[in-house]
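Trainee: I would like a close look at one part of this model. Please take me through it step by step.

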Amino acid sequence: MKLRNLLVPSAVLASVGTFLYTRFKQRLPRPAFKVPTVKPDLASFDETMVGATWVGHSTVLIHWYGLKILTDPVFSNRIGVHVGPVTFGMKRHTAPALSIEEIGHVDVILLSHAHMDHFDHKSLKRLITRDTVVISAPGTSKLLRKYPSLQTLEMHPHDKLTLANGLHVQAIPVAHWGNRFPWDKHMGYNGYVLKYKGVRMLFAGDTAYTESFNGLANKEPIDLAFFPIGAYQPESFEEAHCTPEQAWTMFKQSGAKRFFPMHWDTFVLSYEPVEEPYERLVAAAKLERDQIVIKAHGESIRL
């Protein structure tokens, strides 16, 4: 009886969502499916190196002096509402640059918020082990109770903590929204500043334009910053997603040294052509475009 009660609202929600998405989909670009042409060489990362690889969307694999960190891991072919074996939602048009098997054990999983293109249960189920520390946004840790992680730590904006492995994490407020479903009004969203063995990184998660990042590098350098650049059209979407120009402005305001673009050319979430975000970002950077460190899925930056 309990299972039936759960399935009925899920099926209704899936049906309504599918109807609305079908209406929305009529104006979306329809890129052909592609496999990344760049294959990351994970063997080249060892305990003496710091680097990051774009797996796809907001999923970044960070190798950090022996620590392995994965942000917003989504490896599924389709994201959305799961009703039994069927998933109602968007299909990715760019395959992940790495498989979960190729990545192997992950020390820390960093979750910015619970939206399905950032928080994918099918991927988390395969990634989280008893030795994995999971850091998530306000009100989202209950979604992780069934996983056997070493620690599940829910952080609120401005919270700071240091893990047993020495990784220092600070949650940064961003301009977004957190509901996974309409009734999840208690769920929040974060960006994060990470520091480990003298190196600092900024993971902005998903955000509209905000001044939250201003001056973050004033006291200590930020060596690498990950900013989203896609899903900004129609104009109303700018309430939750920054344009490439706004992303570049926030990057410059933060004072970070290098810009790692993400959240584009993986899922079709909005009206702009899938190649446009990167083109606009490069145009916004002008003579400083060499600070943009990757362009394609599978590419890596080594610090």
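Where does D72 lie?

Mentor: Keep in mind that this is a predicted model. D72 lies in the loop between β3, residues 67-71, and β4, residues 78-83. Look at its backbone. The phi angle of D72 is near 35°, a positive value, and D72 is not a glycine. That deserves a note because most residues other than glycine have a negative phi. Now look at its surroundings. D72 has 0% relative accessibility, so D72 counts as buried. The cut-off for buried is under 20%.

Compare K197. Its phi is positive too, near 50°, and again the residue is not a glycine. K197 also belongs to a loop, the one between β11 (191-196) and β12. Its accessibility tells another story. K197 counts as exposed because its relative accessibility is 56%, and the cut-off for exposed is over 50%.

Follow the chain from that loop into β12. Strand β12 covers residues 199-203, and β13 covers residues 224-228. These two strands pair in the parallel sense, over three bridges. Take one residue as an example: L202 has A225 in β13 as its bridge partner.

Both strands belong to an open sheet of six strands. The order is β9-β10-β11-β12-β13-β14, and the pairing is mixed. At the edges are β9 (160-162) and β14 (259-262), each pairing on one side only. On average, neighbouring strands in this sheet are turned by 15° against each other, direction ignored.

Next, find the helix that lies across this sheet's strands. Helix α4, residues 244-254, lies across β12, β13 and β14. It runs at about 155° to β13. Between β13 and α4 there is a loop, and P234 is found in it. Check the bond just before that proline. The peptide bond from Q233 to P234 is cis, with omega near 10°. Most peptide bonds are trans.

One last stop: H121. This residue is found in helix α3, residues 121-127. H121 counts as buried because its relative accessibility is 16%. What does H121 touch, if residues up to four places away in sequence are not counted? The list is L143, K146, Y147 and R180. Finally, try a distance on screen. H121 and L70 are 51 residues apart along the chain, and their C-alpha atoms are separated by 15 Å. L70 brings you back to β3, which spans 67-71 and leads into the loop that holds D72.

Technical notes
Residues are numbered from 1 along each chain as its sequence is written. This is a predicted model: local features need pLDDT of at least 70, side-chain atom pairs count only at pLDDT 80 or more; totals for chains, interfaces and linings use all residues. Side-chain values use heavy atoms; hydrogens and water are left out. Two strands pair if DSSP finds at least two bridges between them. Helices (H or I, at least four residues) and strands (E, at least two) are DSSP runs, numbered from the N terminus. Axes are lines fitted to C-alpha atoms, for helices over the stretch in contact, and angles run from 0 to 180 degrees between N-to-C directions. Contact means heavy atoms within 4.5 Å. Buried means under 20% relative accessible area, exposed over 50%, partly exposed in between (1.4 Å probe, protein chains only).
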